[in-house]
Amino acid sequence: MRSAASILPLCAEGLCFSAGDVEILRDVSLKIIAGPPTMLIGANGAGKSVLLRLLHGLLKPSAGRVFWAMPTEHAARRQAMVFQRPVLLRRSVLANTLYPLTIAGVASEERLTRAEQALALVGLADRADDAARKLSVGQQQRLALARAAALQPELLFLDEPAASLDPAATRAVEEIVLKLAARGTKIVMTTHDLAQARRLAGDVVFLHRGSVLEQAPAEAFFRQPASATARAFLRGELVW
């Protein structure tokens, strides 16, 4: 059972990140609250994936800070991340789903139940004994989502999870995202697909050249963005 105390909101304050002499993010501040999915959008190179990794804790900021509603060491155990290209173990689909539960210290009697429920959620229950690396690309991404879902995170970061998928596989991933959100998991997701952002977002964070220009409810952002830069982006006219 999830603790009544929440790790949210997740806040970033004055985040900066540089790689060598290249400034990727500068003075980023935002707040992530519970509710429908938050979509990070912006042109290629805007800093979406780097921001996601900073929020998740995979990268350390050059300046600024990330903080949660509870101590970071507790929050870290209640979040997960799925990447655009999942790394799968040379094991069965079920074994791949069980592995993170073992690492997380989930009791042995609970692991199988949670793994089977997660595979059912993503439509892979009938592939449990198959080799994970023999799955299609779309099925492999669904398996990555199952591994994350089995951990029952309060917050799940998704980095372009459907970027390399065909329309049918993309639709399957989006349905899983909406199912997880409906169950109370907060989703923070990057996408370059504006149609996908419209379908999934509760709110939008718009990045441009390493800065957050807007954070707004999705309906308001897509109807009437506040900045000329965002309006140009939505029209497909924004030049990096």
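This passage walks through a sheet, the helices around it and several charged pairs in a predicted model.

The sheet makes a good starting point. Six strands build an open sheet with mixed pairing, and their order is β5-β6-β7-β3-β8-β9. At the edges stand β5 (79-82) and β9 (211-217); each has a single partner strand, so one side of each is left without a neighbour in the sheet. On average, neighbouring strands of this sheet are turned by 15° against each other, direction ignored. Within the sheet, strand β3 (residues 38-41) pairs with strand β7 (residues 186-190) in the parallel sense, over three bridges. One residue to find here is T38, whose bridge partner in β7 is V188.

Helices pack on this sheet too. Helix α9 (residues 228-235) touches β3, β8 (203-208) and β9, and its direction makes about 100° with that of β8. Another helix, α5, lies across β5 and β6 (155-159) and runs at about 175° to β5.

Helix α5 deserves a second look, this time for its helix neighbour. Two packed helices are described by the angle between their axes and the distance between the axes. For α5 and helix α6 (residues 167-182), the angle is about 10° and the axes are 9 Å apart. Angles under 35 degrees count as roughly parallel, and α5 and α6 are therefore roughly parallel to each other. On the α5 side, the contact involves G138, Q141, R142, L145 and A149, which meet A169, A172, V173, I176 and L180 in α6. The residues of this contact divide into seven nonpolar, two polar and one charged.

A single residue of α5 shows what such packing looks like up close. Q140 is placed in helix α5 (residues 137-150). Is Q140 buried or exposed? Buried means under 20% relative accessible area, so Q140, at 18% relative accessibility, counts as buried. Leaving aside residues up to four places away in sequence, Q140 touches P86, L88, A132, R133 and L135.

Charged side chains add another layer to the picture. Side chains of opposite charge can pair when their charged atoms come close. How many salt bridges does a search of the whole structure find? The search finds ten, and three pairs are described here.

In the first pair described, the side chains of E154 and R78 meet in a salt bridge, at 2.8 Å from N to O. E154 lies in the loop between α5 and β6, while R78 lies in the loop between α2 (72-75) and β5, so the pair ties together parts that are 76 residues apart in sequence. Both E154 and R78 are buried.

The next pair is found within one helix. E110 and R114 both lie in helix α4 (residues 108-121), four residues apart, which is about one turn of the helix. Their side chains meet in a salt bridge, at 3.0 Å from N to O. E110 is partly exposed, with a relative accessible area of 33%, whereas R114 counts as buried at 11% relative accessibility.

The last pair returns to the sheet. D203 forms a salt bridge with K186, and the closest N and O atoms are 3.9 Å apart. D203 lies in strand β8 and K186 in strand β7, so this pair ties together parts that are 17 residues apart in sequence. D203 is buried, with a relative accessible area of 15%, and K186 also counts as buried, at 2% relative accessibility.

Key. Residues are numbered from 1 along each chain as its sequence is written. This is a predicted model: local features need pLDDT of at least 70, side-chain atom pairs count only at pLDDT 80 or more; totals for chains, interfaces and linings use all residues. Side-chain values use heavy atoms; hydrogens and water are left out. Helices (H or I, at least four residues) and strands (E, at least two) are DSSP runs, numbered from the N terminus. Buried means under 20% relative accessible area, exposed over 50%, partly exposed in between (1.4 Å probe, protein chains only). Contact means heavy atoms within 4.5 Å. Axes are lines fitted to C-alpha atoms, for helices over the stretch in contact, and angles run from 0 to 180 degrees between N-to-C directions. Angles under 35 degrees count as roughly parallel, over 145 as roughly antiparallel, 65 to 115 as roughly perpendicular and the rest as oblique. Ala, Val, Leu, Ile, Met, Phe, Trp, Tyr, Cys and Pro count as nonpolar, Asp, Glu, Lys and Arg as charged, and the others, Gly among them, as polar. Two strands pair if DSSP finds at least two bridges between them. A salt bridge is a side-chain nitrogen of Lys or Arg within 4 Å of a carboxyl oxygen of Asp or Glu.
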